[in-house]
Amino acid sequence: MDYLEIVGGQKLSGHITISGAKNAALPIIAATILSDKEVTLTNLPNVVDIRTLLKLLSMLGSSVEHDNTVAHINNGCMRSTKAVYEIVSEMRASILVLGPLLARFGECEVSLPGGCAIGQRPIDLHLKALESMGAQIEIKGGYVHAIAPKGLQGAKIIFDKITVGGTENTVMAAALAHGVTTILNAAKEPEVVQLCEMIRDAGVKIEGIGTNELTIEGTGGKPLDFQTVAIIPDRIEAGTYLCAGAITNSSITLNNVNHGHIRASIDKLESMGCRFDLEDNSITIHPTEHLKPVDLITIEYPGFPTDMQAQFMAVAVLAQGESLIEERLFENRFMHVSELNRLGANIWLKGSTAAVKGVKELYGADVMATDLRASSALVLAALVAQGTTKVRRIYHLDRGYDDLEGKLSALGANISRKKEA
Ligand code: UD1
């Protein structure tokens, strides 16, 4: 198993390019199932999760040509509609094939994703929405069996809770349904917006893109013909590198960013004393001698993203004063706390809130990555910890960060990938 060895204390400088967004690419890859013609995707991030979902499409019989950032997918030759446990258990987001498979083929079987390190993460809202559209769903043998013999029907769906994946699955299902679907309390994350735009550009009438109310006029079963899609920049990767600049008191420039998408992270870093220069598609963070503490609550977009919580906690560890960080989306998303404390942080947990008392220094140690974003928080802390930190179980990082050690090395960090003996 690989681990990362980081010798802390280097100042960073220079510029790097942000990759395409994993969380935008995954639903877009799933949406290609709505077509029986070739679809080209560009600016894909080179990460394991993308390869896993493309592998699932290949297993279903599709033709997939993938070369780092570009994929040509043709689902015209798809011959199976069963997403097996072996793939879904590797990546929960495989559940995103449920809506499009059911919409295009009228039946499918998708393994239940099961629990996850950061919380229970049920899919009840996905299933309820599809049932409202006429699907008959049975859970048996660890699989969701869904059929819609007469095709899916447009419906009015009100989500009890805002769900990114639930909204995406429903939008994809609605695109080929008979009649009009209205989704109330829809998610409006940039990744949901790009999925809606892709489907709209294929000729489906969608109103309310980027709002909490979406209206989708389905094609009545007719497959879509997509244009080439260039995946939007990854707002979480960009936020993570801004945190790297903040924690190491460095000046770094990120290219290929959408400022609007990272507004919440910029605002919080500004409140901690960081300064930025924004240009067309790039952002520069300047050195910050004295980091101020921060109070933040994770919430749906455009609020502060749960996917940036761990990285901000790492920065808050070195702020002068006490920060309060409340996690509202996932009940178990604090696994990085004990690992950060092993590096010398002073963090106390009470329910869903972490109190972070700033310390002057961190010290390198062996730490264990527990989930994707928790892993990057440990890497950030290691960049400033005195001595050597070994971050183990980095397969979590490889799921979602494109060439993390290459990009950090290019900025001057002392980081290398090693193999366990
Ligand atoms: C997506 C992102 C993930 C991010 C999360 C929240 C992808 C591939 N992943 O995950 O990185 O952290 O949004 O921004 O895009 N819920 C239910 N029932 C459901 C569905 C969700 O109770 O059927 C709950 C979840 O447990 C959670 C909340 O709703 O508490 C939000 O989850 P959701 O927005 O669905 O997250 P994902 O789409 O899984």
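## Backbone, cores and a pocket in a predicted model

N185 is partly exposed, with a relative accessible area of 28%, and the model in which this value was computed is a predicted one. N185 sits in the loop between β11 (180-184) and α7 (190-201), where its phi is near 60 degrees, a positive value in a residue other than glycine. A second asparagine, N43, also has a positive phi, of about 60 degrees, although it is not a glycine. N43 belongs to the loop between β3 (38-42) and α2 (48-59) and is likewise partly exposed, its relative accessible area being 25%. As background, most residues other than glycine have a negative phi, and most peptide bonds are trans.

The peptide bond between Y301 and P302 is cis, with omega about 10 degrees, and P302 lies in the loop between β18 (295-297) and α10 (309-316). The table collects backbone angles from this model.

| Residue or bond | Angle | Place |
|---|---|---|
| N43 | phi about 60 degrees | loop between β3 (38-42) and α2 (48-59) |
| N185 | phi near 60 degrees | loop between β11 (180-184) and α7 (190-201) |
| G134 | phi about 100 degrees | just after α5 |
| G273 | phi near 105 degrees | following α9 |
| Y301-P302 | omega about 10 degrees | P302 in the loop between β18 (295-297) and α10 (309-316) |

Two of these entries, G134 and G273, come after helices whose buried residues can be listed. In helix α5 (residues 124-132), the buried positions are L125, H126, L127, A129 and L130, and these pack against α4 (98-105), β8 (136-140), β9 (143-147), β10 (156-158) and α6 (164-175). In helix α9 (residues 263-271), A264, S265, I266 and L269 are buried, and their cover includes α8, β16 (276-279), β17 (282-285) and α10.

The strands β8 and β9, against which α5 packs, also take part in an open sheet of four strands, which has the order β6-β7-β9-β8 and mixed pairing. β6 (82-83) and β8 stand at the edges of this sheet with a single partner strand each, so one side of each is left without a neighbour in the sheet. β6 and β7 (residues 107-111) run parallel and are joined by two bridges, with A83 standing opposite V110 in β7.

The largest nonpolar core contains 78 residues, among which L34 and I199 touch the most other members. Helix α1 (residues 22-31) contributes the largest share of this core, seven residues. Leaving aside residues up to four places away in sequence, I199 touches L34, V171, M172, A175, V204, I206, L224 and F226. Apart from this core lies another, of 71 residues, which includes F276, I283, F312 and F334.

Empty space can be examined in a similar way: rolling a probe the size of a water molecule over the atoms shows where such space is left. The second largest pocket has a volume of about 520 Å³ and is lined by 22 residues, of which I247, N249, E289, L318 and K360 lie nearest its centre. Its lining divides into nine nonpolar, nine polar and four charged residues, and α8 (235-247) and α12 (372-384) each supply at least two residues of that lining. Helix α8 thus appears in two settings, as part of the cover over the buried residues of α9 and as a contributor to the lining of the second largest pocket.

Key. Residues numbered from 1 in each chain as written. Predicted model: local features only at pLDDT ≥ 70, side-chain atom pairs only at ≥ 80, totals over all residues. Heavy atoms only, no water. Buried < 20%, exposed > 50% of the residue type's maximum accessible area, 1.4 Å probe, protein only. Contact = heavy atoms within 4.5 Å. 1 Å grid on protein atoms, 1.4 Å probe; cavity = no way out; pocket = protein on both sides within 12 Å on 5 of 7 lines; lining within 4 Å. Points joined across faces, edges and corners; volume = space filled by probe spheres on them. Nonpolar A, V, L, I, M, F, W, Y, C, P; charged D, E, K, R; others polar. Core = buried A, V, L, I, M, F, W, Y, C linked by side-chain atoms within 4.5 Å. Pairing = 2+ DSSP bridges.
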